[in-house]
Amino acid sequence: MPLTPEVLTTNSEVIAWLGSLDVSFAPDDEPWFTIDGVESPRQIGGDGAGGAFVLLPSQNVLYVSSEGRAGIIANTFEAFVQLVAARPYWLDILKFSAGGDLEEMRRAASALEATLDDEDEVNEAREEIRRGLDLPEADDPVRALYEAVAASDAIVRATDGCPFTTLFNRFSVDSNPMLRNAAA
């Protein structure tokens with residue numbers, strides 16, 4: 001049986017572990033964005049930064065940030081959960097992607113992993129999520145994230161009609177002294 005939001009929400013333990021990785025499955029009541037070609041976006045959850053996760057009719061998972069950025073981050077709901085478990089700092093990988101450079105994203109992932117404050121907690125959450133869902137570890141979560149965002153064709157708009165920009169940000173690991181030192 002494929003992993004769906006409905007299947008996931010029946011597992012309160014896994015939901016709690018995902019919550020520890022900053023993913024909530026309580027959607028906003030009021031939509032604050034629109035998606036071209038999608039009549040009623042199905043928001044399945046959000047994060048602590050005010051962003052929203054949307055399951056598109058294609059089954060891709062779209063992330064809409066509260067800061068005007070949006071893009072597809074996973075090709076399926078299962079791939080989304082694998083991404084969150086493998087790289088809970090996936091949004092920071094995109095922030096330090098140097099405009100969408102895969103090798104810079106890999107550098108960012110490595111540096112971010114090295115700077116985890118609560119590494120034991122994160123590793124326990126990863127294991128419990130995979131075990132609780134009988135989910136295999138993602139083969140190459142950074143590449144999958146890169147490919148999903150690079151191929152993203154969803155056009156998200158604020159309520160005033162202004163389009164959101166890509167999730168790839170211009171910063172690199174070298175833009176942040178803490179990450180630069182961790183990557184060295």
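This report walks through a sheet, a helix and two pockets of a predicted model.

## Before you start

Residues are counted from 1 along each chain as its sequence is written. Because the model is predicted, local features need pLDDT of at least 70 and side-chain atom pairs count only at pLDDT 80 or more, while totals for chains, interfaces and linings use all residues; side-chain values use heavy atoms, without hydrogens or water.

## The sheet

Let's begin with the strands (DSSP runs of E, at least two residues, numbered from the N terminus). Five of them form an open, antiparallel sheet in the order β1-β3-β4-β5-β6; two strands pair if DSSP finds at least two bridges between them. β1 (23–24) and β6 (70–74) are at the edges with a single partner strand each, so one side of each has no neighbour in the sheet.

At the β1 edge, two bridges link β1 to the antiparallel strand β3 (residues 42–47). Here Val23 sits opposite Asp47 of β3. At the other edge, β5 (residues 61–64) and β6 pair in the antiparallel sense over four bridges, and Val64 has Ala70 in β6 as its bridge partner. The hairpin of β5 and β6 has five residues between the strands, and there Gly68 takes a positive phi near 85 degrees.

## What is covered

How many residues of β6 are buried (under 20% relative accessible area with a 1.4 Å probe, protein chains only)? Five of its five are.

Helix α3 (residues 77–86) is mostly covered too, with eight of its 10 residues buried; a helix is a DSSP run of H or I, at least four residues. Among the buried residues of α3 are Phe77, Phe80, Val81 and Leu83.

## Two pockets

A pocket is an open set of points on a 1 Å grid over the protein atoms alone, where a 1.4 Å probe fits, with protein on both sides within 12 Å along at least five of seven lines; lining residues have an atom within 4 Å of a point. The largest pocket holds about 380 Å³ of space, a volume being the space filled by probe spheres set on the points. Of its 21 lining residues, Asp47, Ala49, Tyr63, Leu91 and Asp92 are the closest to its centre. Helix α4 (residues 90–95) gives the largest share of this lining, five residues.

The second largest pocket holds about 290 Å³. Its lining has 17 residues, with Tyr89, Asp92, Leu112, Leu116 and Asp118 nearest the centre. α4 and α8 (177–183) each supply at least two residues of that lining.

Terms used
Buried means under 20% relative accessible area, exposed over 50%, partly exposed in between (1.4 Å probe, protein chains only).
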